[in-house]
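Reader: Please take me closely through one part of this model, and then through whatever else helps to place that part in the whole. I would like a connected account.

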Amino acid sequence: MEIQKQLKSHGAWVGKWTFILAATGSAVGLGNIWGFPYKAGTNGGGAFVLIYLGCILAIGLPIMVSEIVIGRRAGNSPVNAMRRVAVDSNTTPLWRFVGWSGIFAGVLILSFYSVIAGICLNYIFISATSSGALSATDQFSNVISSPLNLLFWHTVFMTLTALIVSAGIKDGIGRMVKILMPLLGMLMIFMVIYAMINGDFNKAMTFLFAPDFSNVTSDTLLQAMGQAFFSLGLGMGSIMAYGAYMPKDQSIVSNSFTVASLDTLVAIVAGIAIFPIIFAFSLEPNSGPGLVFVSMLSAFNQMQYGQFVGPLFFILLSVAALSSSISLLEPGVAYLSEEGILPRKRSAEIIAFVAWVLGIGSALSFNIWSDFHLISDRNFLDSMEFITNQVLLPLGGMFIAIFVGWFMKKSLITDEIGAMNKVLYMLWRFFVKFIAPLSVAYIFYRQFF
Ligand code: PHE
């Protein structure tokens with residue numbers, strides 16, 4: 001019988017904190033520090049931020065719990081986890097396609113993620129040597145105008161990702177995040193203090209937190225929801241794959257709370273660090289993907305010891321990106337290796353290679369392919385972001401919620417959730433059954449029909 005097929009085991013996280021650290025590592029990344037501020041900027045600020053927070057609470061959090069429940073129950077990669085839990089719940093194994101869609105989304109995301117993370121790596125050196133003679137805006141233009149430069153750093157980042165995933169979850173992923181993530185948090189707080197003193201703090205706070213709903217369109221809704229999925233790393237099996245390695249004695253619900261809160265905190269703190277500088281230096285809040293690079297470099301150029309703090313910031317940002325990129329690769333690698341199709345190392349190399357090739361398109365979209373439009377008026381990178389953030393992740397998340405809410409056997413769920421406040425449990429059930437899937441469906445409907 002299908003379910004009794006022997007699958008290779010991956011081992012479990014060692015230590016109480018490892019799951020939280022790894023899951024936070026997956027969640028906190030470019031999405032928070034690069035993506036959130038620039039999307040808030042292009043979408044007019046406050047209203048976007050508020051809708052984003054609403055999506056985290058009403059859609060993201062319930063789905064995060066659901067993903068971990070499935071992952072830990074099965075102890076397998078997302079494809080096999082969905083299949084197993086579906087079969088154990090006496091429903092169709094076709095649910096495994098949610099896992100497949102996740103592997104596909106992971107490769108697409110990794111492809112452009114690595115290009116942006118490559119720019120971070122490049123900025124370690126730029127910020128160490130920048131004298132401020134060249135404006136931060138011109139500096140960014142220089143960086144992205146060279147295809148070879150972008151491709152070089154994209155290659156470096158992808159290689160690092162593949163190497164870490166090859167090493168396996170215990171040695172590779174768990175260890176790195178422990179020291180560096182808290183350090184990133186501290187440096188972000190330092191940047192906020194700097195921005196409070198030297199930036200236009202009031203204008204930034206108004207921009208970020210005074211919502212103006214008059215310009216909210218269906219597109220704003222979709223972008224905010226997509227950003228919530230992307231930032232929490234939901235809808236594609238990353239957290240499901242990590243959940244498979246979570247020891248049984250840990251609480252899924254409280255761990256999810258911790259991860260989602262930390263993730264949201266980092267995004268908001270990034271916004272509070274960046275926008276005061278944007279306004280003080282008369283930069284454009286809606287300037288797009290260059291926002292974090294231009295604003296931070298402007299600050300480091302002005303700052304005493306900026307040539308030390310700058311590289312430190314970009315090193316930590318690169319590490320945050322690495323701890324996310326490895327989780328993008330993990331669902332596919334876990335599948336190939338547990339099925340015994342390929343050893344872990346080979347699987348990591350092959351999937352990373354596919355993502356690397358696709359990433360070339362995103363690197364070129366900054367320069368020689370800037371006029372090439374893939375989906376309506378979006379260039380290659382924007383199209384990849386659109387397909388994943390705004391379509392595949394919410395769709396995957398919606399199916400996961402529908403599965404856990406309506407199809408998964410109740411006793412399997414309560415086994416994983418463990419002892420829990422009754423009201424809180426009912427609330428979670430209600431959100432998973434109704435609110436999360438209907439909200440995604442509603443936002444899709446408004447945008448696409
Ligand atoms: N959450 C990560 C970030 O914000 C990206 C990510 C998306 C990771 C999807 C895993 C799954 O940078």
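Author: In this predicted model, helix H4 is followed by Asn90, whose phi is positive, near 55°. Asn90 is not a glycine, although its phi has that sign, and its place is the loop between H4 and H5. With a relative accessible area of 66%, Asn90 is exposed, because the cut-off for that word is over 50%.

The helix before this loop, H4, spans residues 78–88 and is mostly covered, with eight of its eleven residues buried. These buried residues are Pro78, Val79, Asn80, Ala81, Met82, Arg83, Val85 and Ala86. Their cover includes helix H3 (46–74) and helix H5 (96–129), and also helix H11 (238–243), helix H14 (306–338), helix H16 (380–407) and helix H17 (410–417).

A second loop residue can be set beside Asn90. Ser376, in the loop between helix H15 (344–364) and H16, has a phi near 40°, which is again a positive value in a residue other than glycine. Ser376 is exposed, with a relative accessible area of 56%.

One of the helices that cover H4, namely H14, also leads to the ligand, since the helices that each supply at least two residues of the shell around the ligand are helix H1 (18–27), helix H2 (30–42), helix H10 (218–232) and H14. The ligand is surrounded by 15 residues, of which the closest are Ala27, Gly31, Tyr113, Phe230 and Ser231. Polar backbone atoms approach the ligand at several places: one of Ser26 is 3.1 Å from a nitrogen atom of the ligand, one of Ala27 is 2.9 Å from a ligand nitrogen atom, and one of Leu30 is 3.1 Å from an oxygen atom of the ligand. On its own the ligand has 320 Å² of accessible area, and the protein covers 100% of this. The space that the ligand takes up is the largest cavity.

Two residues in the helices of this shell deserve a closer look. Gln227 lies in helix H10 and, at 0% relative accessibility, counts as buried, because that word applies to values under 20%. Leaving aside neighbours within four places in sequence, Gln227 is in contact with Gly31, Gly35, Phe36, Lys39, Phe48, Tyr52 and Asn389. Among these partners is Gly31, which is also listed with the closest residues around the ligand.

The other residue is Trp34, which has its place in helix H2 and is likewise counted as buried, at 2% relative accessibility. When residues up to four places away in sequence are not counted, Trp34 touches Ile116, Pro289, Val292, Phe293 and Glu385. With Pro289 there is also a polar approach, in which a polar atom of the Trp34 side chain lies 2.9 Å from the backbone oxygen of Pro289. Trp34 can further be compared with Gly271: these two residues are 237 residues apart in sequence, while their C-alpha atoms are 9.5 Å apart in space.

To return to the part from which this account set out, H4 has eight of its eleven residues buried, whereas Asn90, in the loop between H4 and H5, is exposed.

Terms used:
Residues numbered from 1 in each chain as written. Predicted model: local features only at pLDDT ≥ 70, side-chain atom pairs only at ≥ 80, totals over all residues. Heavy atoms only, no water. Buried < 20%, exposed > 50% of the residue type's maximum accessible area, 1.4 Å probe, protein only. Helix = DSSP H or I, 4+ residues; strand = E, 2+ residues; numbered from the N terminus. Contact = heavy atoms within 4.5 Å. Near = heavy atom within 4 Å. Polar contact = N/O pair within 3.5 Å; in protein donor to acceptor, adjacent residues only side chain to side chain. Areas by Shrake-Rupley, 256 points an atom, 1.4 Å probe, with all protein chains shown as cover. 1 Å grid on protein atoms, 1.4 Å probe; cavity = no way out; pocket = protein on both sides within 12 Å on 5 of 7 lines; lining within 4 Å. Sits in = over half its atoms within 2 Å of the grid points.
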